[in-house]
Number of protein chains: 2
Amino acid sequence: MKKVRVGLIGFGTIGSGVVEVLKRRRSELAAKAGVDIELARVCDKDLRSARPVKVAKALLTKDFGRVLYDPSIDIVVELIGGIRPAKEIITEAIRQGKHVVTANKALLSEAGDELFSLADKCGVAIGYEASVGGGIPIIGSLREGLLANRLDLIYGIINGTSNYILTKMRDEKISLKEALAAATREGYAEKNPLLDTSGMDSAHKLAILAHLGFGIAVKPREISTEGILDIELADIQYAEELGYAVKLLAIAKRSGDMLELRVHPTLISEGHLLANVKDVYNAIFIKGDLVGEQLFYGEGAGRLPTASAVTSDIVAIGQKIVRGQRDASWGFVKTVKGIAEADTIKVRHYIRFSAIDKPGVLKSIAGVLARRGVSIASVTQKEERRQGIVPIVMMTHRAEERAMALAMREIAAFRSMKRPPVRIRIED
Amino acid sequence: MKKVRVGLIGFGTIGSGVVEVLKRRRSELAAKAGVDIELARVCDKDLRSARPVKVAKALLTKDFGRVLYDPSIDIVVELIGGIRPAKEIITEAIRQGKHVVTANKALLSEAGDELFSLADKCGVAIGYEASVGGGIPIIGSLREGLLANRLDLIYGIINGTSNYILTKMRDEKISLKEALAAATREGYAEKNPLLDTSGMDSAHKLAILAHLGFGIAVKPREISTEGILDIELADIQYAEELGYAVKLLAIAKRSGDMLELRVHPTLISEGHLLANVKDVYNAIFIKGDLVGEQLFYGEGAGRLPTASAVTSDIVAIGQKIVRGQRDASWGFVKTVKGIAEADTIKVRHYIRFSAIDKPGVLKSIAGVLARRGVSIASVTQKEERRQGIVPIVMMTHRAEERAMALAMREIAAFRSMKRPPVRIRIED
């Protein structure tokens, strides 16, 4: 059986998972796919730390040149993450005629377009199943199984840490701070959890999904992004009373000719499958014009799920190599004209005002909203009050982002408002 | 761009969907996948009936020989269903060196092993994404995205008609008969709905999934199969009170070295994602040793979802053809020794007895169960009674199938039993 040689750069958590899977499953993979995957080189700047898997000393190196410039290596697996030096490594690997497999969502969302073009020109493939949704085969499904569809919608719960925090807050009735501490204790949150809680990690992944699903290359900074840091337990509980769960959603939604792209905490009806995605699980919900609604659910991170995805890419590319296939490119077909302006997007809103309990406050709030053209669907003035502050919870009808933002600013300036209003978008 | 020529046999509902998709998406598919898919021939014994899509007269034929023996045709798409003459057509197509795409679950579950071997020998591929789960890319995901996993479990809600009936019974509190009538009115049930309601359709699909997921070739008749025809509204409602939904599940479950394979109505905890799969939707829940739990959800049938799956196979095979790949086989790797004997399978049970309301009945039931080694987890004697009959609902601990069957037979023979006990298995 023909061999395909793999050079791995980045021998951290995921890297060690990939090494383990390639060793443990070598004969089964060969039997299934007709290609023998050989681990030819493992590169990391730190070769001293203990790993849960053993690699022959002769394969280890600190010099990634020994991967990039080894003509016997067919596939370079990049698992160091971040932009530098990952971008240089991948670029050089492609120039050397090597196929690339990567889990690097930050890099692909920032420079995917450029790297895919280069790979195309050089006749090599980039596998990136592991960049979104961990072990969930969402990239393969969008590229292959669903390729005949014109997508209308992608909703993603694609940041496990945020989903864990929101689940924990709701289930244990604890504050965001306490839930974040629990996530850190459980090893789900990074030392600096801001990439997760700010929504930025979701934006990276959304950029990748939107590129694949709608053919539009977009940088993460072009995606209107809001994290979960302003979510309070009270909002989760009020939402629950109204029949909604609060989830951090990454949204790509066709709107006329344009594509809405946004990441924000979102009220989702309890009846929706996404509302039942708990803990660190991820889920991607899509709507295609042929298949209708689909959901893909699974662990969105972790050593072995991610290694599963990386391995599937290695094998798929390996099959192409041994079968003499020259080209493995995938054409991105643009099905929207561009990205909708964030200001013009219309959604329903949940709003919580924290007002001093005195007559006329509700009237003033309603007055501003009416003037801005924001129509109210329901109002609940909560009985509980602390230090004379009354929570007022409103659900609005669809209102334009610009109008909502202006109304919120105006109301926040009321002397009776003790804290800025909390606003969470709704998707039905 | 290189062309790949497709001959379609079976111009019914799905066939017309495939024609529509290939026409509507031709340029987009070409741009994405680098292959131009040309519809070269459409064959059906009935060319008179109106179809929702037009095909040039020159392409139409009643003679499938004009597909099979046309050397310019690369891929034969078989959409007539059933065993004969589909098997002969596919066999001959393969012998003629043509690749095959099919949605034929009855045929693949009966003769998949034989057809895959022949295809392997002849160096052609068989695409069968559409055979299970309609537009859900579950075949591709098991073959590619998840191939590094050793699977432990597949749970499938893979018969939309049955799921519609069970959903309707629960939501509208109607009998099975009424729900079946509704399914027929909505066009979800065939004229003879027995293939669906008997569980046989699910068994066909389970055989295909088990072959792919556990490498074991099994005939549908080797799968212990029970349909939904004995389910009563009362059971759905009692299950609901106990926190369970009733679903027709297709189950492939590793148990030691062996594989449990069974199709039956099942109590699933309300908290499980599968409990929330409603109406005609399908879902496949898997557990892999690397990825953990995953769920794939979507429309499991219908003209365009199925056409989406067929098209994805056509394109994938087309890519291999134009890129000069010779072989596209997939090796089935057996990860279990064989199929577990149905009699030895241990699960928990829900049982409903319909007994005459007189002292000592419960004691006699409990006596039989105890003698057979079936341990009771909970008992509820329902207050309602009709014509002096009292429903007694029991949940058991895990008990062996053989013991349960014997106990049920024994209890059914009691003079106080007005009807045979209803028994539904539980999966937790």
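**Note on a predicted two-chain model**

1. Start where the chains join. Strand β12 of chain A is linked by three bridges to strand β12 (residues 292-299) of chain B, and the two strands run antiparallel. One pairing to look up is A:Tyr297, whose bridge partner in β12(B) is B:Leu295. Keep in mind that this is a predicted model.

2. Next, take in the whole interface. In it, 49 residues of chain A contact 49 residues of chain B. Four elements of chain A each supply at least two residues to the side that touches chain B: α2 (26-33), α6 (138-145), β12 (292-299) and α12 (303-322). That side of chain A has 22 nonpolar residues, 17 polar ones and 10 charged ones.

3. Now the symmetry. Chain A superposes on chain B after a rotation of 180 degrees, with 0.0 Å of shift along the axis and an RMSD of 0.0 Å. This is the relation of a two-fold axis. The interface residues of chain A are, at 100%, also interface residues in chain B, so the copies meet through the same surface.

4. Look inside chain B for an open sheet. Six strands form this sheet, and their pairing is parallel. Their order in chain B is β3-β2-β1-β4-β5-β6. The edges are held by β3 (60-61) and β6 (126-127) of chain B; each has a single partner strand, so one side of each has no neighbour in the sheet.

5. One edge of that sheet can be checked in detail. Strand β5 (residues 99-102) of chain B is joined to β6(B) by two bridges, and these strands run parallel. Here B:Val100 has B:Ile126 as its bridge partner in β6(B).

6. Turn to the domains of chain A. Domain 1 covers 3-135 + 302-322, domain 2 covers 139-299, and domain 3 covers 344-427. Domain 1 of chain A is thus written as two segments.

7. Finally, consider how two of these domains meet. The C-alpha centres of domain 1 and domain 2 of chain A are 27 Å apart. Their contact takes 16 residues from domain 1 of chain A and 16 residues from domain 2 of chain A. On the domain 1 side, helix α5 (residues 105-122) of chain A gives the most, with seven residues. By class, the side of domain 1 of chain A that touches domain 2 has five nonpolar, seven polar and four charged residues.

Technical notes:
Residues numbered from 1 in each chain as written. Chains lettered and ligands numbered in written order. Predicted model: local features only at pLDDT ≥ 70, side-chain atom pairs only at ≥ 80, totals over all residues. Contact = placed C-beta atoms within 7 Å. Nonpolar A, V, L, I, M, F, W, Y, C, P; charged D, E, K, R; others polar. Pairing = 2+ DSSP bridges. Least-squares fit on C-alpha atoms with pLDDT ≥ 70 in both. Domains from an automatic or database assignment.
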